[in-house]
Amino acid sequence: SYIGTDGWRIKPIKNEDGNTIWQWSYKLKSFGREANSIKFSVPNDQDISIDNNNRVSIVRNGLIEWYENSEDGIEQGFTIDQRPKGQGILTIIGSVETDLLVNTISKEKIVFSSDSVEVFEISNVIAFDANDVKMPAYISFKKNGSNDKEITIFVDDSLATYPIIVDPLVTDTSVSFTSTLDDLSMKMKNA
């Protein structure tokens, strides 16, 4: 995987002939509430950092988007310091570009597959506040037309004490994420 100013990209898998079998990328699009959503543009290089534990952080307007390689998969998280304006459910929306199929969609998980083989899933959305109180959270996938795909995380933060953390997990079913952040880590250290 690669994380940079153009988003999070899982390196395309190639077959024995060198042809790409599939690709997948994610870009954070917006967050907030329906009437007061903050839209994001491409971050600058100086907005991206990596710490000693190989956590990649992208500082955005109103939140920090972060990625961490764990034993269970890639943790993609969002730290939000202050309650966004407005009323209603908090949403975090990302656009997805992929030729993988989505064969399972529920509030608990989204499973991406290639030729009936599960490749990876996004699941286990956990949201908690500054007092470690768990908040209701779920995930959804929406396809608008042939190329416009979105993953939305919904969080009920009505009783939350800020800051809050929203933390979905990406786990592999047929690919390995073991060297997930090595490329970016090396690029950041050599910059």
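Here is a short chat about reading strands, exposure and a cavity in this predicted model.

Student: Let's start with the strands. Which way do β5 and β6 run, and how many bridges join them?

Tutor: Strand β5 covers residues 48-50 and strand β6 covers residues 56-59; they run antiparallel, with three bridges joining them. For one rung of that ladder, look at Ile-48, whose bridge partner in β6 is Ile-58.

Student: What sits between β5 and β6?

Tutor: Five residues, so to speak the turn of a hairpin, and Asn-54 in that turn has a positive phi of about 65°.

Student: And how does β6 pair with β7?

Tutor: Antiparallel again: four bridges join β6 to β7, which spans residues 64-70. Ser-57 has Trp-66 as its bridge partner in β7. These two strands also form a hairpin, with four residues between them, and Gly-62 in the turn shows a positive phi of about 100°.

Student: Where is Tyr-2 found?

Tutor: Tyr-2 belongs to strand β1, residues 2-4. Its relative accessibility is 25%, and because partly exposed means between 20% and 50%, Tyr-2 falls in that class.

Student: Now the inside. How do I find empty space?

Tutor: Roll a probe the size of a water molecule over the atoms, and you see where empty space is left. Here there is one cavity of 30 Å³ or more, and the largest cavity has a volume of about 40 Å³.

Student: Which residues line the largest cavity?

Tutor: Among them are Trp-8, Trp-24, Tyr-26, Gln-76 and Ile-122. Strands β3 (20-32) and β15 (148-155) each give two or more residues to that lining. By type, the lining has eight nonpolar residues, one polar and no charged.

Key
Residues numbered from 1 in each chain as written. Predicted model: local features only at pLDDT ≥ 70, side-chain atom pairs only at ≥ 80, totals over all residues. Heavy atoms only, no water. Pairing = 2+ DSSP bridges. Buried < 20%, exposed > 50% of the residue type's maximum accessible area, 1.4 Å probe, protein only. 1 Å grid on protein atoms, 1.4 Å probe; cavity = no way out; pocket = protein on both sides within 12 Å on 5 of 7 lines; lining within 4 Å. Points joined across faces, edges and corners; volume = space filled by probe spheres on them. Nonpolar A, V, L, I, M, F, W, Y, C, P; charged D, E, K, R; others polar.
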